[in-house]
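Trainee: Could you take me through one part of this structure closely? I would like to see how the strands of a sheet are put together, and what lies against them.

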Amino acid sequence: MNEKRYVARSTAIASRVLGDETMVMSATNSTLFTLDEVATVIWEAADGATPLEEIVTKKVCAQYDITPEVALKDAEVLVEQLAEHGLLLLSDKPIAQPASLPKGTP
Amino acid sequence: MSGLVEEMAGKGLQRGIPLSVQLDLTYRCNERCVHCYLDHHDQGEMTTAEIKDLLDQMADAGVFYLTISGGEILMRQDFFEILEYARARTFCIKLKTNGILIRKKEADRIKDLGVESVQISIYSHVPEVHDAITKLPGSLAESIEAIRRLRAHGIHVVMANVLMAQNVHDYHGVKALAAELGAQFIIDPTITPMMDGDRSILGLNVDEAALREVFQNEALTGNAEEFCAPPQGPDAEALDAVPCSAGHTACYVSPYGDVYPCVQFPLPSGNVRRMKFADIWRDSPQLKEVRSIKLRDMPTCSQCAHGETCTRCPGLAYLEGDMRGPSYQDCEKSYAKTGISSEYLEARKASPQPQRLQLVQIQGLQHAAQNLTANVTESSALGA
């Protein structure tokens with residue numbers, strides 16, 4: 001049985017959406033990353049409360065012509081890479097976000 | 001600039017996004033540096049609520065790099081409240097401070113909030129020289145202690161060494177001190193005029209021989225032969241290039257809400273107490289004018305052999321009276337670098353500029369007076 005995976009943006013990052021891309025900088029080592037359009041959709045939806053599978057079906061597959069299976073596989077690779085760099089947190093349980101974050105903070 | 005940073009800057013320019021903003025929280029300071037260009041009296045700083053609202057507006061406008069500076073930023077009691085809010089809006093933050101008010105508690109907070117870097121000015125490794133510049137006895141020891149505290153937390157510290165007549169021989173010592181403390185060392189040989197146009201502090205600038213020594217020092221500039229190579233004159237591409245990021249992808253906001261193209265370019269372009277940040281950025285006639293200027297439009301610099309390689313600062317040119325004109329200080333630097341003079345430099349040497357140009361920069365009190373008038377008018381209308 002597949003377990004649900006939750007993803008949340010780390011608080012140790014700086015980020016900004018630039019058109020359909022997102023700039024993300026790690027606060028720990030100042031390394032800059034850019035996320036493409038699809039990765040930006042996942043990044044913005046990574047609220048710690050929505051399972052990755054749901055993000056993929058409701059956000060990615062709703063906007064792009066891709067099957068849920070393929071999209072989920074690609075999304076799994078992406079979030080693991082981002083987690084390796086400390087930009088995303090992964091968990092099999094919902095991840096609480098700091099209360100001080102203003103609403104809609106990407 | 002790394003490839004990715006350059007690429008993102010290019011995309012920001014293409015889309016008209018203010019990627020980088022310097023926000024000064026206050027001009028108040030606990031030091032009184034001899035070369036400082038600011039008036040330290042509080043002319044009506046933005047409140048905490050105003051600054052938080054501005055941070056929201058800047059985040060929405062796409063600002064990514066946020067430099068928080070002053071004055072001394074820790075003179076504001078609400079500094080950490082502002083910093084915490086800014087980090088929650090996911091800005092990439094650089095702090096500029098003298099560090100004197102950074103004790104253990106403050107260093108812990110800065111670490112927790114995840115700033116990109118903290119820049120601290122160190123003028124000399126010799127206490128008597130540094131303290132004479134800051135006019136605050138014991139300030140070197142305090143600033144060094146702050147650097148140690150920040151470094152102990154693994155925070156990236158930039159040690160900025162502003163060169164002037166008083167400390168011109170000390171940069172080797174400051175560089176060694178930076179290495180010992182694990183800080184990055186940067187050197188800045190430019191003293192800028194006061195924001196009100198007073199040019200008297202320019203007398204503190206280092207002389208040409210000292211500048212040449214700095215430029216020839218390969219530990220500072222890399223390959224000296226390449227760095228100091230004779231100029232070739234601007235080609236067609238250079239004539240149409242963006243002169244610098246001021247007004248294009250960067251701007252400055254004063255503690256009173258005034259928006260300028262850059263901290264070193266005090267051209268009043270709007271005030272966030274009266275207009276939305278994004279509207280100023282997009283529609284300000286002053287910023288539009290700055291954006292319209294290419295090297296091709298500069299009658300003197302476009303004809304100068306140094307035109308392409310000169311570090312000409314449009315803000316310094318503006319402070320000399322013409323944003324399309326040359327910046328004398330940069331003409332001097334180009335000469336010191338290459339040994340090749342320019343027509344403008346020779347002409348200026350023959351006829352020096354006045355010590356003060358009339359400029360209007362500090363507008364906080366004027367805005368307060370205008371707002372008061374507006375309120376009174378509205379009350380009268382309601383009462384009638």
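Mentor: Start with one pair of residues: Ala14(A) has Met25(A) as its bridge partner in E3(A). Keep in mind that the model is predicted. Now widen the view to the strands. E2(A) pairs with strand E3 of chain A, residues 21-26. The two are antiparallel, and 6 bridges join them. As background, strands in a sheet pair through backbone hydrogen bonds, in a parallel or an antiparallel way.

Next, take the whole sheet. It is open, has 3 strands and follows the order E2-E3-E4 in chain A, with antiparallel pairing. At the edges are strand E2 (13-18) and strand E4 (32-35) of chain A, and each of them pairs on one side only. On average, neighbouring strands of this sheet are turned by 20° against each other, direction ignored.

Now look at what crosses the sheet. Helix H1 of chain A, residues 37-45, lies across E2, E3 and E4 of chain A. This helix runs at about 65° to E3(A). Chain B adds a helix too: H1(B) lies across E2, E3 and E4 of chain A, running at about 50° to E4(A).

That brings us to the contact between the chains. Chain B gives 18 residues and chain A gives 18 residues. On the side of chain B that touches chain A, the elements giving two or more residues are helix H1 (3-15) and helix H3 (79-88) of chain B. H1(B) gives the most, with 6 residues. By class, this side of chain B has 8 nonpolar, 5 polar and 5 charged residues.

Conventions:
Residues are numbered from 1 along each chain as its sequence is written. Chains are lettered from A and ligands numbered from 1 in the order in which they are written. This is a predicted model: local features need pLDDT of at least 70, side-chain atom pairs count only at pLDDT 80 or more; totals for chains, interfaces and linings use all residues. Two residues are in contact if their C-beta atoms, placed from the backbone, lie within 7 Å. Helices (H or I, at least four residues) and strands (E, at least two) are DSSP runs, numbered from the N terminus. Ala, Val, Leu, Ile, Met, Phe, Trp, Tyr, Cys and Pro count as nonpolar, Asp, Glu, Lys and Arg as charged, and the others, Gly among them, as polar. Two strands pair if DSSP finds at least two bridges between them. Axes are lines fitted to C-alpha atoms, for helices over the stretch in contact, and angles run from 0 to 180 degrees between N-to-C directions.
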